[in-house]
Amino acid sequence: MAILGALNPMLTVGLNGDKAWRLDDYVKRDGYSALKKILAGKMPQDQVINEVKKSVLRGRGGAGFPTGLKWSFMPRAFSGDKYLVCNSDEGEPGTFKDRDILLFNPHSVIEGMIIAAYAMGAARGYNYIHGEVWEVYTRFEEALDEALAAGLLGKNILGSGFDFELFAHHGYGAYICGEETALLESIEGKKGQPRFKPPFPASFGLYGKPTTINNTETFAAIPLIMNLGGEAYLESGKANNGGTKLFSVSGHVNRPGNYEIPLGTPFPILLEMAGGMRGGRELKGCIPGGSSSPVVPASIMMDCTMDYDSISKAGSMLGSGAVIVMDETTCMVKALERLSFFYYEESCGQCTPCREGTNWLYRIVHRIENGQGRADDLDLLGSVTTNIMGRTICALGDAASMPVQSFVKHFRDEFAYHIEHKKCLVPPDIQRAGSGFFKATV
Amino acid sequence: MLDIEIDGKQAQVPAGSTIMDAAQLVGAYIPHFCYHKKLSIAANCRMCLVQVEKAPKPMPACATPVTSGMKVFTHSELAVTAQKGVMEFLLINHPLDCPICDQGGECQLQDLAVGYGGSASRYQEAKRVVFHKDVGPLVSMQEMSRCIHCTRCVRFGQEIAGVMELGMANRNMHSEIQTFVGRTVDSELSGNMIDLCPVGALTSKPFRYSARSWELSRRKSISPHDSLGSNLTVQVKDNRVMRVLPRENEEINECWISDKDRFSYAGLNSAERLQKPMIRVDGALREVDWNVALDYVAHALKDITKTHGGEAIAALGSAHSTLEELHLLQKLTRGLGSGSVDFRPRRRDFSADGKLAGTPWLGLKLAQIGQLDAALVVGSFLRKDHPLFAQRLRQLARKSGKVSLISVTGDDPLISLHAQLTVSPEELTRALAAVVKAAAQLTNTALPAGLESIEPCATSQLIAQSLLAGEQRAIFLGNVAEQSAQAAQLHALAAELARLTGASFGFIGEAANSVGGYVAKALPTALNAYEMFAQPRQAYVLLGVEPELDCYNPQQAVAALKQAALVVMLTPFKPNAALDYADVLLPTTPFTETSGSFVNCEGRVQSFNGVARPLGDARPGWKVLRVLGNVLAIDGFDYDSSEQVRDEILAPDSLFVDGLDNGINGLSFSLGAVTAGLQRIAEVPIYFADPLVRHSDALQQTRDAAAPTARMCAATLAQTGITDGAQVRVRQGQAEALLTARADESVPPACVRVAAAHASTATLGDMFGAINVERA
Amino acid sequence: MLTTESLKKIDREIAKYPPEQKQSAVMAALAIAQEEQGWLSSEAIEFVANHLGMAPMAAYEVASFYNMYDLKPVGKYKLTVCTNLPCMLSGGVDAGEYLKQKLGIGFNETTPDGRITLKEGECMGACGDAPVMLVNNRRMCSTMLPEQIDKLLAEFE
Ligand SMILES: Cc1cc2nc3c(=O)[nH]c(=O)nc-3n(C[C@H](O)[C@H](O)[C@H](O)COP(=O)(O)O)c2cc1C
Ligand code: SF4
Ligand code: FES
């Protein structure tokens, strides 16, 4: 069981059976009761959407966009096909929550999607699953079979006359497919290259049809909201930050893993749930919302609460809720070098600033790390990032730039030291000790 | 209409416009690379970033829709900074090898870099190296490091050519334009990618390194190949044509030309050009002076008329000849007392002659094709016969027009078709008749006599339905329909179908002057193009035709020529195969070295001037015919210019010819029997269709120029006991050809597809007709 | 080109999409072809393209875009190590180095006996279990410290 702990759990409550992913286990935990209520009572579509609006559920995929509002963008009167897509591509470094939701509670996502499809009148849906997690894909397909057999999916769901077909689409290794329009291109059988927006998916989505895309965790929260009521859900979090959220904690902590906490929980509590700092070392910095969010130095981080607004005030983003913890053994130049390599490697290559700029950024950070930095490199980094940001087709350009800007801003001395002394401020053996890899053999 | 403001200028633009559209309306220039008005919007180069009031970041003009009251600044500090930033990114990995680049002087990147590039590069890393690729004889991908990933070439393939030959493989900065595992680019429209490429990544292989763009003079011309009359810019250096480019004309070729139009110029400079008149003396052709040759011809023709009468002479022109040439040819022939003159060597059925209401033509303007709701094309190798006509239909189908095809092979037109019927040449009339009958049934109209026995199939009903729905529909008869032994029946059936459905109908036309030949009255009052060989004459005058390649039945034509007392050829090329039947060769000039006019399929008159001086002693055909008329003392041959000739045919300054009418009267339907035994299907391969393309070495290296094979479907192969790849003897009449058999499911049963117009099949007979195939 | 079993699997994927959207199954079809043949030859890519009615180049674009397709032959075992930052903080890079030394090869190389190919991967969505590695695109191995790596290598015959 990889969901290691929770405070006031909602998403993960009761997830302790050894076959928790089975339909019967889910039903025992009150699963599909929300769907049944909606279908039996023929709840008006608007009412479903209103309930989601009231919950102030914000998208768990990264941008934190209010889900109810997004749903209301779907054209009502449109008579042709409409699609619903779940984004389980989860490629943002540090994020591994959707994997566990799908492994241990897949029916919560299926139920959430059926309710969403009902609310928006979509007859077909896809769940796009990250390429590297094969067992998640097979697990989800098994869950789909179970739901289909139980009359929860397909034609005339539970005798209500409502049809919804749902399929799994397996990714094959491209971070960019997490970007919603790249994901749509990928389902269409093309390279995952993001589309220029407008038009937005709600008017021109999958196969050119109106489409809504939400993150796995977003859908998983829907049954809870419908059961509890939107207001109660909101209250379990914090104003403007409804509900609980899964945080994937990785890096220099004793017990890396997923933790469910109400939005608004102080960061030190989360850190403590994750077993505290590895080896009792000092926190140096933290990336609070997945690799694309700006790094936050320890002092500021310790004062944050874990919710969209607080993290944003700290100059970063809650993003996907991936908390990457770095202690004093971390070389910030090396950390940034690895992230810059990631964005350079994962740029889809279509738009000029991202294709050329991510490569350039990586080359500069790489040469600083390798003792070939130049005096004006930090300014150059700043200038290249400004030439990328806001000028690309999708947000990967920004995602690649924000780490660079924030690392250089908060750890400028360390970068300057690298350039000047052609070596790292943190001695190599200390860096090596940090990972704990050789602990067993050394 | 929306009110917006661009750089302080007020403008009204239609809803749905982008900022780029709007800027073009007000005449503001926004730099761009990936945007192209004929291609889908990719918004990937980001060069067109502009400032929009209230928008937090710069917006790509090519992709951003205008909204009411929008204020756009194309040259504000924000916009220019963004544009400069993009330019820096574009240049960091670009080789900056302008001095040795073919695109130098006409490169959008070079032009814009002057305005937007920085002076020194801040990028000090090694540049990306991209390996060159060999993609065939026309397009060079030798310097792919210059590529800026605008994907225009890829989108062109997908959207305009209808085939995705190029793609962008890989991702990130390793993205690379390439073909699938080193394949060649074979589209008949491929050369347009060279024009579209904003840098020097895709260049013209035949042109590479032969001249710098600023050394070339640019002259207007008209393509002499297919019936569109594509507008050309011909670029000349030292009296030599170095390159041919499209001249934009939205009504005709838009901004495209086919590879045939673009690369045939290589034939102009071919070593096979005939540069001096020649006369057969003691069995061999000898070079002589013009006056000797003309005297000889005049005397010989006079002798023959004296002893055998004028009807012993026949004259055959080509639909690639100019209006003026064809006019003088028919005038000369008639002056000699013969009515045996024609310009349609690939025809078999002339029974419509004398029953036509006017000059046959397309039936509508080319530009109207885009507005059609439905179109039916009958008997055409569409893509290869008429690349750009096919392209218009492709665009029509892309935006939901219903395009149907009735053809004699299942070749992929790269058009998403509404319906397709593939039948043997003999069944073509029945297939069209089935659609006529279906239309009659659908409209509850009495069926014309002769069609009672026809049973419309589901596909013919589908086609008839499409022709009955919507505002504008059209029926087009292609080359095969015109070459068919039942051409007049097909003509009458199409007329009937048009009457029943309210669609327009017409002929796509084989060549640049297929309509012009009628206008010039290069038409028989005695023997037609087929009969003049079936009933051998004493003398032949051939203008721009190579009979063994250009005639419906080359076997019969060559036999007639061999027995004739006199064969005079007016030709730009030394005709190898003809050496044993030609008595006189008079070197005439190709379209680049003469003035003249073509009348395209829509009846549009397009006159042009020579762009280069005649090569050697070659002379424009109209001048040669004029002098011949003078030497023969025939009246009315005193012209000072080709314009004078034209004015004798057309009202001055006509844009379109008068008398266009596809009506046909007094023909009753008789669909003909379907014979047992194998039938030949002869397409005219795109790069063998006329003498000029046949002499273009560049085009002759393409896959489309591969030697003909004998293609049959598996059932026919099995029936004849032949296997794929076997050597076969193909026989028509007394002669045969040795070919390789190929399995090809696009060929209907009991048919053998053997191309015409190629030396290896020049011994054979009728293009469509009985044929024997046996193991060699 | 492909076994009937693979074709059946591909048909099952095609059925997930609207009938006129067969191309949507290209990723799955390429994966199935690769699983059967070990890697994606251009013949296999062309076969898949024709099967789905798409241009071979369009299928090649897909095959060359996504990381998990192998356009060159790989060893019987393809071992992909995540070295991205979250894994790096818990030994991902060290694990890569350890493997390079043990196997005597670098990333994107195959052992001389053709058994094992080593690859460097991007985030696999399993950072809590770092260091993580993936065997043949399918089997995720968690907390791969030296002892566990040795055990895994011993399993590969
Ligand atoms: C480069 C990039 C990668 C992304 N990756 C993911 C991802 O892996 N999972 C995800 O749910 N959203 C991802 N997103 C966000 C999606 O585009 C989209 O906003 C989200 O799926 C919407 O769902 P939500 O509203 O429920 O959050 C990514 C965005 C970008 C720009
Ligand atoms: S920003 Fe990068 S990933 Fe996004 S479209 Fe542009 S090139 Fe592709
Ligand atoms: S022209 Fe607009 S992005 Fe290229």
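**Figure 1. A:His169, a buried histidine at the meeting of chain A and chain C.** In this predicted model, A:His169 has a relative accessibility of just 2%, so it counts as buried. You'll find A:His169 in strand 4 of chain A, the run from residue 165 to residue 170. What surrounds A:His169, once its neighbours within four places in sequence are set aside? From chain A, the contacts are A:Asn127, A:Tyr128, A:Ile129, A:Tyr137, A:Ser186 and A:Ile187. Chain C adds C:Tyr17, C:Ser24 and C:Met27 to that list. With C:Tyr17 there is a polar contact, side chain to side chain, at 2.6 Å. For a sense of scale, A:Lys42 sits 127 residues away from A:His169 in sequence, and their C-alpha atoms are 30 Å apart.

**Figure 2. Where chain C meets chain A.** Now let's step back to the whole contact between these two chains. Chain C brings 50 residues to it and chain A brings 64. Between them, the two chains bury about 4,500 Å², with 59% of that on carbon and sulfur atoms. On the chain C side, C:Lys16, C:Phe65 and C:Leu89 lose the most area to chain A, and together they account for 15% of what that side buries. How many salt bridges link chain C and chain A? The count is five. One to look for is the pair A:Glu141 and C:Arg12, whose closest N and O atoms are 2.9 Å apart. There are also 26 residue pairs in polar contact across this interface, counting pairs with both residues at pLDDT 80 or more. Several elements of chain C each supply at least two residues to the side that touches chain A, among them helix 1 (4-14), helix 2 (26-37), helix 6 (92-103) and strand 3 (116-121). Sorted by class, that side of chain C has 28 nonpolar, 13 polar and nine charged residues.

**Figure 3. Where chain B meets chain C.** Chain C touches chain B as well. Here 14 residues of chain B are in contact with 13 residues of chain C. About 1,100 Å² is buried between chain B and chain C, 61% of it on carbon and sulfur atoms. Which three residues supply more of chain B's buried area than any other three? They are B:Met164, B:Arg171 and B:Phe180, with 56% of the area that chain B buries against chain C. The interface of chain B and chain C holds one salt bridge. C:Glu46 pairs up with B:Arg183 in a salt bridge, with the closest N and O atoms 2.8 Å apart. Four residue pairs are in polar contact between these chains, both partners being at pLDDT 80 or more. On the chain B side, strand 8 (166-169) and strand 9 (176-179) are the elements that give two or more residues. The largest share comes from strand 8, with four residues. By class, the side of chain B that touches chain C divides into seven nonpolar, four polar and three charged residues.

**Figure 4. Ligand 1 and the residues around it.** This view moves to chain A and a ligand. Ligand 1 has 18 residues around it, and A:Gly61, A:Asn87, A:Asn214, A:Asn215 and A:Thr218 come nearest. Follow the oxygen atoms of the ligand and you'll meet both backbone and side-chain partners. One oxygen atom of ligand 1 lies 2.7 Å from a polar backbone atom of A:Gly61. For A:Arg60, a polar backbone atom is 3.2 Å from an oxygen atom of ligand 1. A:Lys70 uses its side chain instead: an N or O atom there is 2.9 Å from an oxygen atom of the ligand.

**Figure 5. Ligand 2 and its cysteines.** Which residues come nearest to ligand 2, out of the 13 around it? They are A:Ile176, A:Cys348, A:Cys351, A:Cys354 and A:Cys394. The shell around ligand 2 is made of eight nonpolar and five polar residues, with no charged ones.

**Figure 6. B:Gln555, a buried glutamine in helix 18 of chain B.** Is B:Gln555 buried or exposed? Its relative accessible area is 16%, and buried means under 20%, so B:Gln555 counts as buried. Helix 18, where B:Gln555 sits, covers residues 554-563 of chain B. The side chain of B:Gln555 reaches the backbone oxygen of B:Thr763 at 2.8 Å. Beyond its neighbours within four places in sequence, B:Gln555 is in contact with residues including B:Gln732, B:Gly733, B:Ala762 and B:Leu764.

Key:
Residues are numbered from 1 along each chain as its sequence is written. Chains are lettered from A and ligands numbered from 1 in the order in which they are written. This is a predicted model: local features need pLDDT of at least 70, side-chain atom pairs count only at pLDDT 80 or more; totals for chains, interfaces and linings use all residues. Side-chain values use heavy atoms; hydrogens and water are left out. A residue is near a molecule or strand if one of its heavy atoms lies within 4 Å of it. Ala, Val, Leu, Ile, Met, Phe, Trp, Tyr, Cys and Pro count as nonpolar, Asp, Glu, Lys and Arg as charged, and the others, Gly among them, as polar. Contact means heavy atoms within 4.5 Å. Buried area is the accessible area (1.4 Å probe) that two parts lose on being put together, summed over both. A salt bridge is a side-chain nitrogen of Lys or Arg within 4 Å of a carboxyl oxygen of Asp or Glu. A polar contact is a pair of N or O atoms within 3.5 Å; within protein, one must be able to donate a hydrogen and the other to accept it, and residues adjacent in sequence count only if both atoms are side-chain atoms. Buried means under 20% relative accessible area, exposed over 50%, partly exposed in between (1.4 Å probe, protein chains only).
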